[in-house]
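Please consult the sequence and the structure shown below while reading this report.

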Amino acid sequence: MRLWLYNSENYLTLLDDEDHRLEYLKIQDEQHLVIEVRNKDMSWPEEMSFIANSSKIDRHKVPTEKGATGLSNLGNTCFMNSSIQCVSNTQPLTQYFISGRHLYELNRTNPIGMKGHMAKCYGDLVQELWSGTQKNVAPLKLRWTIAKYAPRFNGF
């Protein structure tokens, strides 16, 4: 296994120094770690390295047409990604999220709800998809939020 630190804006850093312990890495409370498990043939899955390598490019210098941003496959997320692409091309709904109006209507007090986390993460993702500043986006935050409230979708 190997650990990746998810910093922000889909930026991953491989924690490959074997001498460090987690306490010495000074990981903030709100930061996420991703554990990557080797394939059976002892190779590493391609998805995490692809995301990490594409994160090193200054995406703000790689403009693209708004809405033409792709979604990185995080391992068995092709169905989720195709659904996100379809829903994000429903213009009235997309405009609702891009404008931020959803933030005023989040139900954070429903004891059996998701405290608005799903809507917030989806809204953040739609804003990235339609910003026109990136060629591709890894929907990590949305995937983690889905897994948090529906543990059957945990893992890769």
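The sections below treat the overall chain, its sheet, one helix, a salt bridge and the cysteines.

## Overall organisation

The structure is a predicted model. The chain contains five helices and five strands, and their order along the sequence is β-β-β-α-β-α-α-α-β-α.

The chain has 156 residues, of which 33% count as buried. Among contacts between residues at least 6 apart in sequence, 65% link residues at least 24 apart.

## The three-stranded sheet

An open sheet is built from three strands in the order S2-S1-S3, with antiparallel pairing. S2 and S3 are the edge strands, since each of them pairs on one side only. From one strand to the next, the twist averages 30 degrees. In general, the strands of a sheet pair through backbone hydrogen bonds, in either a parallel or an antiparallel manner.

Strand S1 spans residues 2–6. Five bridges connect S1 with strand S3 (residues 32–36), and the two run antiparallel; in this pairing, Leu3 stands opposite Ile35 of S3. Four bridges connect S1 with strand S2 (residues 12–15), again in an antiparallel arrangement, and here Tyr6 has Leu12 of S2 as its bridge partner.

Why is S1 described as largely enclosed by the rest of the structure? The reason lies in burial: four of the five residues of S1 are buried, so the strand is largely enclosed. In addition, helix H5 lies across S1, S2 and S3, running at about 110 degrees to S1.

## Helix H4 and its surroundings

Helix H4 covers residues 117–129 and has 13 residues. From its first C-alpha to its last, H4 reaches 18 Å, close to the 18 Å expected at 1.5 Å a residue.

The buried residues of H4 are Cys121, Tyr122, Gly123, Leu125, Val126, Glu128 and Leu129. These buried residues pack against two strands, S4 (70–71) and S5 (136–137), and against three helices, H2 (78–88), H3 (91–98) and H5 (140–149). H5 therefore has two roles in this description, as it lies across S1, S2 and S3 and is also among the elements packed against by the buried residues of H4.

## The salt bridge within H4

How many salt bridges does a search of the whole structure find? The search finds one. The salt bridge is formed by Asp124 and Lys120, whose closest N and O atoms are 3.0 Å apart. As a general principle, side chains of opposite charge can pair when their charged atoms come close.

Both Asp124 and Lys120 lie in helix H4, four residues apart, or about one turn of the helix. An α-helix has 3.6 residues a turn, so residues three or four places apart point the same way. Neither partner counts as buried: Asp124 is partly exposed because its relative accessibility is 28%, and Lys120 is partly exposed because its relative accessible area is 33%.

## Cysteines

A disulfide requires a pair of cysteine sulfur atoms within 2.5 Å, and by this rule the count comes to zero.

Is Cys121 buried or exposed? Cys121 is buried because its relative accessible area is 15%, where the cut-off for burial is under 20%. Cys78, by contrast, counts as partly exposed at 44% relative accessibility. Cys121 is also one of the buried residues of H4.

Notes. Residues numbered from 1 in each chain as written. Predicted model: local features only at pLDDT ≥ 70, side-chain atom pairs only at ≥ 80, totals over all residues. Heavy atoms only, no water. Buried < 20%, exposed > 50% of the residue type's maximum accessible area, 1.4 Å probe, protein only. Pairing = 2+ DSSP bridges. Expected span 1.5 Å × (residues − 1). Contact = heavy atoms within 4.5 Å. Salt bridge = Lys/Arg side-chain N within 4 Å of Asp/Glu carboxyl O. Axes fitted to C-alpha atoms, helices over the stretch in contact; angles between N-to-C directions.
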